[in-house]
Amino acid sequence: MLCPWRGRLKVLLATLMLVLLISWLYFLLGNLEYGPSLLPSPCFGEQPKWYLDHKALASQVQKVEEENHLLRLQLIRSQAQEGTDSNQQRSSFVEDQDVLGDRSSNRTGCLKQRMVQKCELIHVAIVCAGYNASRDVVTLVKSILFHRKNPLHFHLITDHVAQKILQTLFQSWMVPSVHVSFYNADDLKAEVSWIPNKHYSGIYGLMKLTLTKALPSDLSKVIVLDTDITFATDIAELWAVLGKFSDKQVIGLVENQSDWYLGNLWKNHKPWPALGRGFNTGVILLLLDRLRRIGWEQMWRLTAERELMSMLSTSLADQDIFNAVIKRSPMLVYRLPCFWNVQLSDHTRSEQCYTEVSDLKVIHWNSPKKLRVKNKHVEFFRNLYLTFLEYDGNLLRRELFGCASLPSLSSGQFQQALEELDEDDPCYDFRRQSLIQHRVHLFFLHYEDPPLTDAADVTLVAQLSMDRLQMLEAICKHWTGPISLALYMSDAEAQQFLRYAQASEVLSSRRNVAYHIVYKEGQFYPVNFLRNVALKNAQTPYVFLTDIDFLPMYGLYDYLRTSILQQELPQKKAALIVPAFETLHYRLTFPKSKAELLSMLDMGSLYTFRYHVWPQGHAPTDYAKWRTATVPYRVEWQPHFEPYVVVRRDCPLYDQRFVGFGWNKVSHVMELDAQEYEFLVLPNAFIIHMPHAPSFDISKFRLSSGYRDCLETLREEFHQDLSRKYGAAALKYLTAERSL
């Protein structure tokens with residue numbers, strides 16, 4: 001009798017052990033996906049073997065149960081709240097991490113849940129000055145937009161250069177649920193100009209100290225970032241950490257990951273005072289309301305004055321002063337886990353901040369060497385950075401579903417115009433292309449404004465794409481004056497151009513060439529949009545409207561300035577025509593004078609421009625008369641006339657309905673005539689067109705009858721608009737066209 005009972009008992013015990021084992025596995029594996037793991041997180045580094053004993057396991061299970069209980073309570077409250085107020089926004093949870101154990105070790109604990117409202121507005125402050133920093137901040141913003149799930153408000157403290165660039169960029173970018181405010185850095189210079197600073201960032205490297213004064217008084221908290229930051233996670237996770245500050249903590253910082261503040265990098269190295277290794281200010285969390293209450297402005301000023309008596313100047317700009325304040329008042333700082341600012345500087349200890357790719361949150365290129373810094377994993381970090389550097393910014397125009405967003409004026413107008421288009425219209429694609437608001441980055445490279453005292457100064461204005469890049473060096477050798485260029489490129493191509501320009505001795509030595517990047521979008525080349533971008537951003541009283549395929553004669557810049565004064569252009573409406581010629585040879589001995597050009601013309605190595613393809617485009621220039629002319633002579637407008645001209649900068653803009661090939665210059669010259677511009681041909685000026693492969697758009701024009709039909713439709717509509725704008729005087733254009 002006992003044997004069967006003992007057998008059953010063994011089966012029962014085995015079953016019980018199996019149930020316990022399955023339950024343990026359920027908790028282990030299930031929580032890996034849906035909650036905090038029972039296994040040690042990678043953020044702990046190497047763990048001792050006793051970590052998984054029975055006592056530790058029971059403790060972890062209890063933590064999971066407590067957190068699940070809290071989550072259930074929050075869910076019940078949320079559901080009850082939704083029942084009473086249907087417009088109440090739902091809450092979403094983001095994970096953030098805290099510091100455990102030894103605070104100086106920067107080891108991080110396991111995941112905790114922190115609540116951020118689904119549509120809560122996250123505020124980000126950035127100091128940005130100059131051309132290079134304006135490029136850097138775009139890459140930072142891309143990395144934030146790529147991961148974000150919340151509306152964002154960027155607060156940009158800028159000089160006049162960065163404001164002009166970034167204001168145009170954000171307005172043309174039209175990213176939903178992104179707000180941008182600008183603050184004039186010049187208004188803040190007096191606050192920090194008294195501090196001697198050796199850091200390469202100059203006075204702008206001190207301006208984060210002034211944010212309590214610079215930012216709106218009703219702004220209570222903000223994330224502050226350097227421009228050389230790359231995000232690898234949702235910024236809402238960092239925003240959530242602000243909710244974990246104690247009552248006395250006002251600043252969140254990551255410990256410095258070099259030995260700088262330990263003072264042992266070289267003999268007689270004397271850094272500013274700091275708590276332990278000190279803190280890096282590339283990523284800062286600020287509770288602005290608390291900072292204002294404790295008198296932050298007076299606090300940092302008194303600290304800086306006291307330390308400067310012995311230190312004489314700062315070496316790391318605002319970072320030195322932040323650290324000196326924290327040294328005296330350590331209760332003010334909240335220590336952020338080091339993965340919120342993985343510093344790729346020289347002598348860095350950043351490798352201790354991560355064991356897996358998933359550990360990375362923020363990468364900081366805080367070495368003057370930037371991407372050339374030495375680091376064990378620098379290739380991985382560089383590739384991550386390049387991903388955002390070359391990422392198509394148009395793809396970041398994502399809606400945040402469930403979050404109300406006030407559309408910008410440009411975005412609203414575009415959507416309304418788009419809705420009014422007839423999708424069954426054979427020319428729908430043409431009309432849609434002309435409505436696109438292209439993303440524009442003005443002054444992509446450093447540019448120095450020409451002197452305002454030269455009333456006859458003239459800028460060469462042109463547009464190009466990547467396949468005409470080789471013309472830039474030659475044009476710069478032929479034209480010494482200011483140049484304004486609009487370049488139609490993708491984000492990746494813009495970076496290729498940047499490397500090309502920086503490597504070119506000719507281009508890198510010029511400071512009077514303005515490069516404006518217009519980012520690709522749509523299926524047609526927006527030729528007149530590009531021309532308008534280059535034209536509107538010329539900085540001189542006069543502009544020479546040409547194409548990138550033409551090389552100006554040597555000395556044309558000085559000749560045009562002289563001609564502008566001789567023809568008294570400031571007192572009258574006139575367009576100075578520069579006669580155009582062409583060669584079929586890729587290698588050309590460029591004529592140094594009009595006499596040499598005429599000789600080459602007679603020998604057949606040069607031709608009047610497009611005489612064999614489109615003679616009516618330049619025939620009104622009257623080349624026969626030009627051969628013997630010694631003074632400027634007047635010519636009359638004729639149908640299809642499209643000369644290259646010098647006019648005042650306030651001339652009419654190009655009509656942007658004309659995209660791709662055809663009628664883009666003809667329409668502009670027609671409007672100049674409608675405004676009663678006088679056409680004067682210059683007797684000693686010329687440009688020569690260099691040969692190149694046909695563009696994609698001219699190939700479509702030649703091969704597609706639909707393309708040509710749409711161009712004819714757009715031309716007729718332009719005539720009608722011209723008649724409405726200029727009245728009976730414009731009827732001659734319609735009559736002249738029909739008589740051909």
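The following exchange discusses a disulfide, a glutamate and a helix pair in a predicted model.

Residues are numbered from 1 along each chain as its sequence is written, and side-chain values use heavy atoms, with hydrogens and water left out. Because the model is predicted, local features need pLDDT of at least 70 and side-chain atom pairs count only at pLDDT 80 or more, while totals for chains, interfaces and linings use all residues.

Trainee: Which cysteines form a disulfide, and how far apart are their sulfur atoms?

Mentor: A disulfide is taken as a pair of cysteine sulfur atoms within 2.5 Å, and by this rule the count comes to 1. The two partners are Cys119 and Cys403, with their sulfur atoms at 2.1 Å.

Trainee: Is the disulfide of Cys119 and Cys403 left-handed or right-handed?

Mentor: The sign of the torsion about the S-S bond decides this, and here the torsion is about -90°, so the disulfide of Cys119 and Cys403 is left-handed.

The pair links distant parts of the chain, with helices (H or I, at least four residues) and strands (E, at least two) being DSSP runs numbered from the N terminus. Cys119 is in the loop between strand E2 (108–117) and strand E3 (122–128), and Cys403 is in the loop between helix H11 (378–389) and helix H12 (409–420), their separation being 284 residues.

Trainee: Is Cys403 buried or exposed?

Mentor: Buried means under 20% relative accessible area and exposed over 50%, with partly exposed in between (1.4 Å probe, protein chains only). Its partner Cys119 has 14% relative accessibility and counts as buried. At 9% relative accessibility, Cys403 likewise counts as buried.

Trainee: With which side chain does the side chain of Glu642 make a polar contact?

Mentor: Glu642 lies in the loop between strand E22 (633–635) and strand E23 (644–648), and at 13% relative accessibility this residue counts as buried. A polar contact is a pair of N or O atoms within 3.5 Å; within protein, one must be able to donate a hydrogen and the other to accept it, and residues adjacent in sequence count only if both atoms are side-chain atoms. At 3.3 Å, the partner of the Glu642 side chain is that of Trp614.

Trainee: At what angle do the axes of helix H3 and helix H4 cross?

Mentor: Axes are lines fitted to C-alpha atoms, for helices over the stretch in contact (heavy atoms within 4.5 Å), and angles run from 0 to 180 degrees between N-to-C directions. The axes of H3 (residues 130–147) and H4 (residues 160–173) come within 9 Å and cross at roughly 35°.
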